[in-house]
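User: Could you take a close look at the empty space in this structure for me? I would like to hear what surrounds it, and then what the strands and loops round about have to show.

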Amino acid sequence: MRYFLMCRLFELYGQETNLKLLIKELPPLRDAGPQKCLAFSVDGSRFAAGGADGHLRILEWPSLRIIVDESRAHKSFRDMDFSLDSEFLASTSTDGSARIWKTEDGVPLMTLARNSDEKIELCRFSKDGTKPFLFCAVQKGDKAVTAVYDISTWNKIGHKRLLKKPASIMSISLDGKYLAMGSKDGDICVVEVKKMEISHWSKRLHLGTSIASLEFCPGQRVVLTTSSQWGATVTKLNVPADWKEWQIYLLLLGLFLASAVAFYMFFEKSDSFWNFPLAKEQQQTRPKIDSFLGDAQSDDPNMWNPFGPLDM
């Protein structure tokens with residue numbers, strides 16, 4: 001019996017109540033064999049596929065023009081991810097190595113440095129636009145750590161034990177604030193990138209089963225996980241709520257009204273022409289306007305004549 005392995009594109013179309021899938025072939029990946037990992041760039045302009053045979057393909061999307069076709073990129077692919085600006089592609093191999101590629105021309109930029117007892121298994125670029133880092137799940141002997149690389153130099157700047165067990169999947173939120181990892185026995189932990197501290201931990205979410213996929217919801221602090229035994233699970237994260245756009249506008253409006261009230265009170269309590277409070281000494285020495293104009297209730301008809309009485 002002969003088996004044909006190929007990659008296919010499933011195009012979703014129709015209305016919300018009547019969705020359909022249209023199956024299309026991807027000519028550049030026809031007869032490519034089983035693929036271990038697939039990835040789109042953040043801007044959606046590039047698509048990468050890493051095969052079980054170590055073959056790397058990077059295509060323009062949706063034209064499918066081949067940018068990179070490297071048959072010996074790795075022994076066998078493990079994971080891959082595009083950088084935020086789509087300039088770089090990081091990939092890991094089953095032999096524990098990790099490489100960085102230039103996506104414009106497919107030139108292999110470098111291989112990440114590691115110790116002899118380290119295996120780089122998973123990789124994700126930071127996505128917040130301010131911290132140019134590459135996060136990697138590393139198996140260091142019998143310890144699982146999360147290593148951080150500076151992508152300006154590609155040097156490792158440190159590592160930390162977070163999940164504390166071998167990771168099967170890694171994901172990062174669209175705003176880059178949270179990094180999530182799923183374990184091979186069904187746990188997930190979510191890390192706040194700014195502090196590199198665990199913000200949420202769900203143990204035995206997929207009891208005894210390796211988590212196969214892990215994705216953040218675009219609009220809420222929710223993650224979707226899947227496994228072969230337990231199927232799909234949606235988990236709401238126990239993390240601080242983000243500020244909504246209307247809450248920010250409401251806060252600005254409140255600050256504006258508070259400033260207006262403060263200015264009005266300042267205006268009412270002030271005495272000078274420019275509405276600035278005067279010192280006590282200035283208030284005591286300032287002549288009263290009544291001393292120049294006299295009494296407004298006086299019956300003297302000549303009080304308003306600066307030249308005194310006139311002889312007619």
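**Empty space and the strands around it**

Analyst: Happy to. A search of the whole structure, which is a predicted model, finds one cavity of 30 Å³ or more. The largest cavity holds about 70 Å³ of space. Its lining is made up of 14 residues, and Ala 137, Ala 144, Val 145, Lys 165 and Ala 167 are the ones that lie nearest the centre. Two strands, β12 (133–140) and β13 (143–150), each give at least two residues to this lining. By type, the lining of the largest cavity divides into nine nonpolar, two polar and three charged residues.

As a reminder of the idea behind such a search, rolling a probe the size of a water molecule over the atoms shows where empty space is left.

Now to the open space. The largest pocket contains about 950 Å³. It is lined by 41 residues, with Leu 38, Ala 39, Phe 40, Arg 124 and Glu 215 lying nearest its centre. In this lining, 26 residues are nonpolar, seven are polar and eight are charged. Six strands each supply at least two lining residues: β1, β3, β7 (77–82), β11 (118–125), β15 (167–172) and β19 (213–216). Of these, β3 gives the most to the pocket lining, with six residues.

That makes β3 a good place to stop for a moment. Strand β3 runs antiparallel to strand β4 (residues 46–51), and five bridges join the two. Within this pairing, Cys 37 stands opposite Gly 50 in β4. The hairpin of β3 and β4 has five residues between its strands, and Gly 44 has a positive phi near 75° there.

Just ahead of β3 there is a backbone detail to look at. Asp 31 lies in the loop between β2 and β3 (35–40). Asp 31 is not a glycine, yet its phi is positive, at about 60°. For context, most residues other than glycine have a negative phi, and most peptide bonds are trans.

Both parts of that reminder are useful at the next hairpin, which β5 and β6 form with five residues between them. Strand β5 (residues 56–60) and strand β6 (residues 66–70) run antiparallel and are joined by four bridges. Leu 56 stands opposite Glu 70 in β6. In the turn, Leu 64 has a positive phi of about 65°. Pro 62 also belongs to the loop between β5 and β6, and the peptide bond that joins Trp 61 and Pro 62 is cis, with omega about 10°.

To finish, let me turn to the surface. Phe 10, Leu 12, Leu 19, Leu 21 and Ile 23 make a nonpolar surface patch of about 530 Å². The strands β1 (8–15) and β2 (18–25) each supply at least two residues of this patch. Strand β2 has the largest share, three residues, and Leu 19 is placed in β2. Strand β1 links this patch back to the open space, since it also supplies at least two residues of the lining of the largest pocket.

Technical notes: Residues numbered from 1 in each chain as written. Predicted model: local features only at pLDDT ≥ 70, side-chain atom pairs only at ≥ 80, totals over all residues. Heavy atoms only, no water. 1 Å grid on protein atoms, 1.4 Å probe; cavity = no way out; pocket = protein on both sides within 12 Å on 5 of 7 lines; lining within 4 Å. Points joined across faces, edges and corners; volume = space filled by probe spheres on them. Nonpolar A, V, L, I, M, F, W, Y, C, P; charged D, E, K, R; others polar. Patch = residues over 30% accessible without salt bridge, like charges linked within 9 Å, V, L, I, M, F, W, Y side chains within 5 Å. Areas by Shrake-Rupley, 256 points an atom, 1.4 Å probe, with all protein chains shown as cover. Salt bridge = Lys/Arg side-chain N within 4 Å of Asp/Glu carboxyl O. Pairing = 2+ DSSP bridges.
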